[in-house]
Amino acid sequence: MSTLRIKGGRVIDPQHGEDAVRDIGVRDGRIVDLHAQEAVAEEIDASGCVVMAGGIDLHSHIGGGKVNLARMLLPEDHRLNREPIPLPSNPLELASCGHCAPGTLATGYRYAEMGYTSAFEPAMLLANARHAHMEMGDVPILDHGAYVMLGNDELFLQMLAEERDFELVRDYVGWTVNAAKAMGVKVVNPGGISAFKFNQRKLDVDEDHVHWRITPRKVVHTLARAIDELGLPHPLHIHGSNLGVAGNIESTLATIDALEGQRAHLTHIQFHAYGTEGPKKFSSAAQQLIEAVNANKNISIDVGQIMFGQTVTASGDSMRQHAQHGFAHPRKWVGADIECDAGCGVVPFKYREQSFVNALQWVIGLEIFLLVDDPWRVVLTTDHPNGAPFTSYPHLIRLLMDKSFRDEQLARLHPDVAAQSQLASIKRELSLNEIAIMTRAGPARLLGLKDRGHLAAGAAADIAVYRTDTNPETMFTAPDHVFKDGVCVSRAGIITATPTGGTHFVQPAFDRGIEKTLQQYSDQHLSVAYRHATLGHDELCRCTNGGRLLPAECFAPVH
């Protein structure tokens, strides 16, 4: 058994309240306690370095139909970002390119180079689950998982409209999660994707679906209750109503109210924190949002920070993507659907510093990061690629840790922005401990990953060793060493190994009597029979290049 010692680094492990200089031992892919004089096969001098667990991106679009549509829609993104492969300094990298929507291989390389070892696809459709898992399985190095989409599928909405027994709905949710081998459940514009197909162009939280005559409030409450009763570790992952619409803070607050204290994770919340104040009738509602999040301990969020430059927005929210397609840059877009049970819109977009709206979006995201009381309930994301590519994380971390740099960037923006926001008056600078929470320990806790996101004995040896630097962007761009399950996968920004990552999923208990209802529905309405939708363990392993299966434990159901 080969043993590694990472010696003399400053270990930051918020899960265990640790910020101290010590050694870390690694054996057989796990962190172990080593005696000071114990012989090791390899020793790495980490003096002058900060040692953290591998990064975990809780919300990043890395696999599935819409991601491939984004890649195909922007061939220029791949031409502009193509490098001569193989590089003399990077002989292990296979050909892959792209910046806004990188190929699967480039996705794994770029994440690992920054010290990230896990990423989760937030919008997988059951009918497309095999493809999504295969695509994530093609991403090297990273462990991965996905949240299955519910809340716009016609069977679920029909059940609510007919006021079927809640237990039947709960079992349908459990069956879907198990069939898709998902890590959780995502709802996108609750009921709104379906309503759009009935020519409804907006659907607020307490507004009736034109066909089913149910409200998003009922959709959200029912799904959140089902997830709690099934014991899923990750709460309902909510992309709320009216994304990107001025004044949508009221919809966001109504969604929190609809939960009635049940757990929920509000995703890319920056896009849902807009007011209507000021001469342009578009303003920051970050303070209202923060007050609600601080007051409701059942709520966690990720920010979905925008960063300036070219990207592509890829979302299941076809209602909102259709409304925004006129702003496409370049002028092209795609709308799609699968099985009439979800939606998809891909719209290229360029965020500009001198755009008042874009600049205020940038400000709102930073305000949210800096004003939330509890860093354990805030996750650092850009909603890759919707707000920005994930490769912008080091720059974002600098904005959060360095007020003088943040003020310099604010001064470059549209002149009305500072007057309409409070960012300039916020003195807080996030600490390394808070960054470790938002990028490692917090996501691990929210996903129920007990052996990830920390550096105690028994944890997976997913480790990033960062050379201390006064510029956080430099520090977090290319760690000295990155280990995945004890294997060094990157050294100073150079890929050194490309192991296959594992697949995280949950297996909730449910009453299989629901399958009678599913068979009747699929026989009448679907092209894929329900029994063919279920992914077994052997097939999942084949889909993911033989990667390890990493089932997470459900907690005890409350029913």
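**Exercise 1.** Which elements each supply at least two residues of the lining of the second largest pocket?

*Solution.* Remember as you look that this model is predicted.
- Step 1: Find the pocket, which holds about 290 Å³ of space.
- Step 2: Look for its centre; of the 16 lining residues, His99, Pro389, Thr391, Ser392 and Pro394 are the closest to that point.
- Step 3: Trace the lining to its elements: α3 (104-113) and β15 each give at least two residues.
- Step 4: Sort the lining by class, and you get 7 nonpolar, 7 polar and 2 charged residues.

**Exercise 2.** Now try the largest pocket: which residues lie nearest its centre?

*Solution.*
- Step 1: The volume of this pocket is about 520 Å³.
- Step 2: Its lining has 28 residues, and nearest the centre are Leu243, Phe271, Gln324, Tyr351 and Gln361.
- Step 3: Elements that supply at least two lining residues each include β15 (309-315), β17 (344-351) and α12.
- Step 4: By class, 12 lining residues are nonpolar, 12 are polar and 4 are charged.

**Exercise 3.** Which helix gives the largest share of the largest nonpolar core?

*Solution.*
- Step 1: This core has 127 residues, and Trp362 and Ile368 have the most contacts inside it.
- Step 2: The helix is α12 (residues 356-371), with 11 residues in the core.
- Step 3: Beyond its neighbours within four places in sequence, Trp362 touches several residues, among them Phe308, Leu399 and Leu423.

**Exercise 4.** Which side chains of strand β24 (residues 549-552) are buried?

*Solution.*
- Step 1: Follow the alternation: Leu550 and Ala552 point to one face, Leu549 and Pro551 to the other.
- Step 2: Leu550 and Ala552 are the buried pair.
- Step 3: For the strand's partner, look to β23 (residues 503-506), which pairs with β24 in the parallel sense over 4 bridges.

Key
Residues are numbered from 1 along each chain as its sequence is written. This is a predicted model: local features need pLDDT of at least 70, side-chain atom pairs count only at pLDDT 80 or more; totals for chains, interfaces and linings use all residues. Side-chain values use heavy atoms; hydrogens and water are left out. Buried means under 20% relative accessible area, exposed over 50%, partly exposed in between (1.4 Å probe, protein chains only). Two strands pair if DSSP finds at least two bridges between them. A nonpolar core is a set of buried Ala, Val, Leu, Ile, Met, Phe, Trp, Tyr and Cys residues joined through side-chain atoms within 4.5 Å. Contact means heavy atoms within 4.5 Å. On a 1 Å grid over the protein atoms alone, a cavity is a set of points where a 1.4 Å probe fits but cannot get out, and a pocket is an open set with protein on both sides within 12 Å along at least five of seven lines; lining residues have an atom within 4 Å of a point. Grid points are joined across faces, edges and corners, and a volume is the space filled by probe spheres set on the points. Ala, Val, Leu, Ile, Met, Phe, Trp, Tyr, Cys and Pro count as nonpolar, Asp, Glu, Lys and Arg as charged, and the others, Gly among them, as polar.
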